[in-house]
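Student: Could we go through this structure together, with careful reasoning at each step? I would like to learn how to read such a picture.

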Amino acid sequence: PGETLFIADLHLSPQRPALTELFVSFLEHRAAGARQLYILGDLFDAWIGDDDDSLPEVRIALQWLTRQGTRCALMHGNRDFLIGRRFARATGCDLVRDPCRIQLGGEPILLMHGDLLCSDDIAYQRFRRRVRNPLVQRLFLWSPLQKRRRIAADYRQRSSEAMTGKSAEIMDVNRSAISLRMQRHAVRRLIHGHTHRPGDHAFNLDGQPAMRHVLADWQETRGEALVYRAGSWHREPWVGSAAERPEHSQNKH
Ligand code: LP5
Ligand code: MN
C-alpha cells in the first residue's frame, strides 16, 4: 500500500534557483504522503563533499520529508557520487548502491543510475573507475573547498569537450549491458536515468516480456516522476504546486 515515486537527473545547482524551488515544491506537495521516494542519481549538478553547505534548502526539505514519514532512498549519479553519510544522516535519506534490487507488489525490480549501462563509452568508464576509487576520493575530500571546486569545474569542462567528439549511440545505453544486468539480478523490470532520453521500453528478455523505464531529467519549468501505485505504473509531470503559480494568485485576488 502507498505510492512509490522515482525521479533522477535533477541537476540542482546554486546557479538555477528556480529548479531548486520546483524540487522543494515537489517534496512538499507531491512526495509527502507517498510511502517511498527513490532519487536515482544526479540530484545535484556537482557534489564536491558534504562539507560544502551550498543549497541548504534542499537538505531542509529532504529532512522535512523523511521526518513526516516518507522514506527517501538516494543513489549516486555520475555528478554527485560524493554524497556521503553525513548528508544522509542530516536528511534522513538512505544511501543505496548502484545497482539496487527492490521488490514492489511482489515483483523484483532493478534500479540503476544508468551510467554503468553506457558500456560503449570507454573513455567515460575509465574516468568512472578512477573517480570511484576510494583513495582518490579521500585525497580529493582532503583538499580545500576552493581547490575541489576548481577540479570539479575542470572535469566538467574536459567532459563536455570529450562529449562533442562522441556519437549519440556511444553515449546511450548498451543493449547487452542491460540484458546482462537484468539476467544477473533476475528481474524483468529496470528503472534508470542518466541518458536524459525518457521513455518506457517494452522488450523481450529470454523470450519473456520485460520493461525498461528511463526517467526524465528535470528542467526549471517541468519535472517528472515515475509513479507506482496499486500494481500499475505511470509518468507524472511536476510543474509546481497550484498555490505557488502566479496565474493562480492573480485569479484569487
Ligand atoms: O553528466 P554528463 O551527461 O555531462 O556527462 C557524463 C560523463 N561525464 C562525467 C563527468 C562529470 O560531468 C564531471 C562532474 C564531476 C562532478 C563531481 C566532482 C568530484 C570529483 C571527485 C574526484 C574524486 O561523468 C561523460 C559521458 C556522458 O555522461 C554520457 O554518458 O560521456 O563522460 C565523459 O565525457 C568523460 C570523458 O570521456 C573523459 C573525461 C576526462 C577528464 C580527465 C580526468 C582525469 C582523470 C582524473 C583521475 C582522478
Ligand atoms: Mn548522470
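Tutor: Let us begin with a definition: a residue is called buried when its relative accessible area is under 20%, exposed when that value is over 50%, and partly exposed in between. Please also keep in mind that this is a predicted model.

Student: By that definition, is Asp 42 buried or exposed?

Tutor: The relative accessible area of Asp 42 is 2%, and the limit for the lowest class is under 20%. Asp 42 therefore counts as buried.

Student: Which protein residues are the donors of the manganese ion (ligand 2)?

Tutor: A donor here is an N, O or S atom within 2.8 Å of the metal, and the protein donors of this ion lie 2.1 to 2.3 Å from it. Along the sequence, the donor residues follow the spacing D-x35-N-x34-H-x80-H. With the donor atom of each in parentheses, they are Asp 42 (OD), Asn 78 (OD1), His 113 (NE2) and His 194 (ND1).

Student: How many residues apart in sequence are the parts that Asp 42 and His 113 tie together?

Tutor: Asp 42 belongs to the loop between strand S2 (36-40) and helix H2 (56-67), whereas His 113 belongs to the loop between strand S6 (107-111) and helix H4 (122-131). His 113 is also buried, with a relative accessible area of 0%. Because the two donors sit in these two loops, the pair ties together parts of the chain whose separation in sequence is 71 residues.

Student: What is the phi of Asp 42?

Tutor: Most residues other than glycine have a negative phi. Asp 42, in the loop between S2 and H2, is not a glycine, and yet its phi is positive, at about 55 degrees.

Student: Which other residue has a phi near 55 degrees, and where does it lie?

Tutor: This residue, too, is one other than glycine with a positive value of phi. Its place is the loop between strand S7 (189-192) and strand S8 (199-205), and its relative accessibility of 33% makes it partly exposed. The residue is His 196.

Student: Which peptide bond is cis?

Tutor: Most peptide bonds are trans. The bond in question has an omega near 0 degrees, and its proline is found in the loop between strand S4 (94-96) and strand S5 (100-104). The cis bond runs from Asp 98 to Pro 99.

Student: Turning to the other ligand, how many residues surround ligand 1?

Tutor: The space that ligand 1 takes up is the largest pocket. The closest residues around ligand 1 are Asn 78, Arg 79, Asp 121, Arg 156 and Lys 166, and Asn 78 is also one of the donors of the manganese ion. In total, the number of residues surrounding ligand 1 is 24.

Student: Which helix gives the most to the shell around ligand 1?

Tutor: H4, helix H5 (134-142) and helix H6 (145-164) each supply at least two residues of this shell. The helix that gives the most supplies 7 residues, and that helix is H6.

Student: What share of the area that ligand 1 exposes when taken alone does the protein bury?

Tutor: Consider some of the contacts beforehand: polar side-chain atoms of Asn 78 and Asp 121 lie 2.8 Å and 2.6 Å, respectively, from an oxygen atom of ligand 1, while an N or O atom in the side chain of Ser 159 is 2.9 Å from a nitrogen atom of ligand 1. Taken alone, ligand 1 exposes 1,100 Å², and the share of this that the protein buries is 89%.

Student: How far apart in space are Arg 148 and Ile 48, C-alpha to C-alpha?

Tutor: Arg 148 is part of helix H6, and with a relative accessible area of 3% it is buried. In sequence, Arg 148 and Ile 48 are 100 residues apart, but in space their C-alpha atoms are separated by 6.4 Å.

Student: And how far apart in space are Arg 188 and Ala 90?

Tutor: Arg 188 sits in the loop between helix H7 (175-184) and S7, and at 32% relative accessible area it is partly exposed. Arg 188 and Ala 90 are 98 residues apart in sequence, and from C-alpha to C-alpha their separation in space is 35 Å.

How values were computed
Residues are numbered from 1 along each chain as its sequence is written. Chains are lettered from A and ligands numbered from 1 in the order in which they are written. This is a predicted model: local features need pLDDT of at least 70, side-chain atom pairs count only at pLDDT 80 or more; totals for chains, interfaces and linings use all residues. Side-chain values use heavy atoms; hydrogens and water are left out. Donors are N, O and S atoms within 2.8 Å of the metal (3.2 Å for Na, K and Ca); water is not among the atoms, so sites may look incomplete. Helices (H or I, at least four residues) and strands (E, at least two) are DSSP runs, numbered from the N terminus. Buried means under 20% relative accessible area, exposed over 50%, partly exposed in between (1.4 Å probe, protein chains only). A residue is near a molecule or strand if one of its heavy atoms lies within 4 Å of it. A polar contact is a pair of N or O atoms within 3.5 Å; within protein, one must be able to donate a hydrogen and the other to accept it, and residues adjacent in sequence count only if both atoms are side-chain atoms. Accessible areas come from the Shrake-Rupley method with a 1.4 Å probe; for residues, only the protein chains shown count as cover. On a 1 Å grid over the protein atoms alone, a cavity is a set of points where a 1.4 Å probe fits but cannot get out, and a pocket is an open set with protein on both sides within 12 Å along at least five of seven lines; lining residues have an atom within 4 Å of a point. A molecule sits in a cavity or pocket if more than half of its atoms lie within 2 Å of its grid points.
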